[in-house]
Amino acid sequence: MSTLIPYAKPPLQHCLQALPQLQLPNLLALLRLLQPGQRHQGEEDSLTPLPETLRAQALGLPAADGLVPWAALQALQLQLPPAGQDEGWAWLSPCHWQVNSDHVRMADPADSRISEAESRALMETMRSFFAEDGIQLHEGHDGHWLARGAVFCDLQTASLARAAGGAVDHWLPRQPQARSLRRLQNEMQMLLYTHPVNDDRTAAHLLPVNSFWVSGTGSLPAGFVPNAIENDAHVTALQQAALRDDAAAWTQAWHAIDGSTTAALLQQARAGQPVELTLCAENSAQTYSLQPRSLWSRITRSRGPTDIAALLQNL
């Protein structure tokens, strides 16, 4: 079984400065047993970040840039009615947009503290507007709504990770079929301006919700069954902390991974069981695996990585 650790090297300043503080003895011992294999390279301008692409490939999902059907997979897991032949699914993430004179900036939804009750109330308000464009809304989880409609079938969209906390203009879908979504985003800003949910949020000194982000678009092949892969809550926490540049949370998550996921892999490797580990930065990744080796290679490998911070920095 392959294990992917996304954002093992973080993209932002505060977490990068925390690299020397990491104490990862199990990872260090594991990498002394494994050999480097495939090197993966992503692009800064890709709609889908490399960690998401690699995870999709591990699951057996279609992984074209901007067309990784995460929403369709979640709909399958929730046993929602399947999309029609010419339909697709999407994640809609409620969020706050700040409209400036030359760009639009989106607050990170993870920092906006939108409750499930608030999200549900906003979705119900928007339901009829989306229905007029042939889009059905469903409750999802992790801060997303699920949307089904023909517009999402082959619509390439940027991952929320690309736009959250920054300017969105570069990442907005520009295809002709996205015009209805841009209109709905404009309508939502007007409709929700005086919504009771936003009145309460403003009174609580929270940002109002005035837009949504579209991602995870596409459809699944007929009869699709995802591959089983390592899915550890600590690994998810590492990604969330890295994207928020929360150095304390990122360090804590890495230490938790080393005490659980990495410790288990080390035990498997020492027992001679197949092990494959991919450490992933935002735009690059390195895969390591357990390979048969000669006595001399085992001796020389035992001298190998001694500085985890340096190894991660060079991902």
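This dialogue walks through a helix pair, a cavity, a pocket and one loop residue in a predicted model.

Visitor: How is a pair of packed helices described?

Guide: Two numbers do the work: the angle between the axes and the distance between them. Take helix α2 (residues 25–33) and helix α11 (residues 247–259). Their axes lie 7 Å apart and meet at an angle of about 55°.

Visitor: Why is α2 called oblique to α11?

Guide: The class follows from the angle. Roughly parallel needs under 35 degrees, and roughly perpendicular runs from 65 to 115. About 55° fits neither range, so α2 counts as oblique to α11.

Visitor: Which residues make the contact between α2 and α11?

Guide: From α2 come Pro25, Asn26 and Leu27. Trp254, Asp258 and Gly259 answer from α11. By class, this contact has three nonpolar, two polar and one charged residues.

Visitor: Now the empty space. How is that found?

Guide: A probe the size of a water molecule is rolled over the atoms, and it shows where empty space is left.

Visitor: How many cavities of 30 Å³ or more does the structure hold?

Guide: One. The largest cavity encloses about 60 Å³.

Visitor: What lines the largest cavity?

Guide: The lining consists of Leu172, Pro173, Ala178, Leu181, Arg182, Gln185, Trp213 and Val214. Two elements, α8 (179–191) and β8, each give two or more residues to this lining. Helix α8 gives the most, with three. Sorted by class, the lining has six nonpolar residues, one polar and one charged.

Visitor: And the second largest pocket: what is its volume?

Guide: About 330 Å³. The lining of this pocket counts 18 residues. Nearest the centre lie Pro82, Ala83, Trp89, Leu220 and Pro221.

Visitor: Which helix gives the most to the lining of that second largest pocket?

Guide: Helix α4 (residues 70–77), with three residues. By class, the pocket lining splits into 13 nonpolar, four polar and one charged.

Visitor: Last, a single residue. Where is Leu206?

Guide: Leu206 sits in the loop between α9 (196–203) and β8 (211–218). Strand β8 came up earlier, as a contributor to the lining of the largest cavity.

Visitor: Which residues does Leu206 touch, leaving out those up to four places away in sequence?

Guide: Arg113 and Arg201. Look at the pairing with Arg113. In sequence, Leu206 and Arg113 are 93 residues apart. In space, their C-alpha atoms are 8.1 Å apart.

Note on methods. Residues numbered from 1 in each chain as written. Predicted model: local features only at pLDDT ≥ 70, side-chain atom pairs only at ≥ 80, totals over all residues. Heavy atoms only, no water. Helix = DSSP H or I, 4+ residues; strand = E, 2+ residues; numbered from the N terminus. Contact = heavy atoms within 4.5 Å. 1 Å grid on protein atoms, 1.4 Å probe; cavity = no way out; pocket = protein on both sides within 12 Å on 5 of 7 lines; lining within 4 Å. Points joined across faces, edges and corners; volume = space filled by probe spheres on them. Nonpolar A, V, L, I, M, F, W, Y, C, P; charged D, E, K, R; others polar. Axes fitted to C-alpha atoms, helices over the stretch in contact; angles between N-to-C directions. Parallel < 35°, antiparallel > 145°, perpendicular 65-115°, else oblique.
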